[in-house]
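User: Could you take me on a close look at one helix of this protein and what surrounds it? I would enjoy a connected walk-through.

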Amino acid sequence: MRIGELAARAGTTTRTLRYYESRGLLPARRTGNGYRTYDEDDVRLLEQIRTLQDFGFDLEETRPFVECLRSGHPEGDSCPASLAVYRRKLTELDALIGELNAVRAQVGAQLTRAEAALPGGPEPRCGMTG
């Protein structure tokens, strides 16, 4: 298939596919007349990249998964390098969750303190809201 068909099937743009090609994530096969040509394996590569990006992986983090698929594995996450990326991403997510929990606790404390300052009184009116 040509680049336009691949882009349509993958739900992306030809520009994105050219970018992936320039980054070495998508193979650059060409016909005798210079047209880019792709196959079903390339559709699988793009599905893997898109899924990982939906999960918050940056483009470079998808490389081990793409290489795993290219080496003939049925799944992009069945190689040691892919598993290592999963582990790093989980560590990163755990750290972000910890930071968000800390911020949530601070906001909750602020709310509790603000509510305690108005025991039984009416809620203050903001001059901007009328």
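Analyst: A residue is called exposed when its relative accessible area is over 50%, and buried when that area is under 20%. Please keep in mind that this is a predicted model.

With those cut-offs in hand, let us turn to helix α2, which spans residues 14–22. Its face turned away from the buried side carries the exposed residues R15 and S22. The buried residues of α2 are L17, Y20 and E21. They sit on the same side of the helix, because they cover an arc of only 100 degrees around its axis. So what lies over that side? The cover for the buried residues of α2 includes α1 (3–10) and α3 (40–54). Just past the end of α2, you will find G24, with a positive phi of about 80 degrees.

Now for the partner α1. Two packed helices are described by the angle between their axes and the distance between the axes. For α1 and α2, the packing angle is about 105 degrees and the axes are 9 Å apart. An angle of 65 to 115 degrees counts as roughly perpendicular, and α1 and α2 are therefore roughly perpendicular to each other. On the α1 side, the contact is made by I3, G4, L6 and A7, and α2 contributes T14, L17 and R18. By type, the residues of this contact divide into 4 nonpolar, 2 polar and 1 charged. Notice that L17 comes up twice, as a buried residue of α2 and as part of the contact with α1.

One of the α1 residues in that contact, G4, deserves a second glance. G4 lies in helix α1 and counts as partly exposed, because its relative accessible area is 40%, between the 20% and 50% cut-offs. If you would like a yardstick across the model, G4 and L69 are 65 residues apart in sequence and 22 Å apart in space, C-alpha to C-alpha.

Before we finish, here is a residue from another helix. K89 is placed in helix α5, residues 80–116. K89 counts as buried because its relative accessibility is 5%. Where does its side chain reach? The side chain of K89 comes to 3.1 Å from the backbone oxygen of G56. Leaving aside neighbours within four places in sequence, K89 is in contact with G56, F57 and E61. G56 thus appears both in that contact list and as the residue whose backbone oxygen the K89 side chain reaches.

Definitions and conventions:
Residues are numbered from 1 along each chain as its sequence is written. This is a predicted model: local features need pLDDT of at least 70, side-chain atom pairs count only at pLDDT 80 or more; totals for chains, interfaces and linings use all residues. Side-chain values use heavy atoms; hydrogens and water are left out. Buried means under 20% relative accessible area, exposed over 50%, partly exposed in between (1.4 Å probe, protein chains only). Helices (H or I, at least four residues) and strands (E, at least two) are DSSP runs, numbered from the N terminus. The arc is that of the directions from the helix axis to the C-beta atoms. Contact means heavy atoms within 4.5 Å. Axes are lines fitted to C-alpha atoms, for helices over the stretch in contact, and angles run from 0 to 180 degrees between N-to-C directions. Angles under 35 degrees count as roughly parallel, over 145 as roughly antiparallel, 65 to 115 as roughly perpendicular and the rest as oblique. Ala, Val, Leu, Ile, Met, Phe, Trp, Tyr, Cys and Pro count as nonpolar, Asp, Glu, Lys and Arg as charged, and the others, Gly among them, as polar. A polar contact is a pair of N or O atoms within 3.5 Å; within protein, one must be able to donate a hydrogen and the other to accept it, and residues adjacent in sequence count only if both atoms are side-chain atoms.
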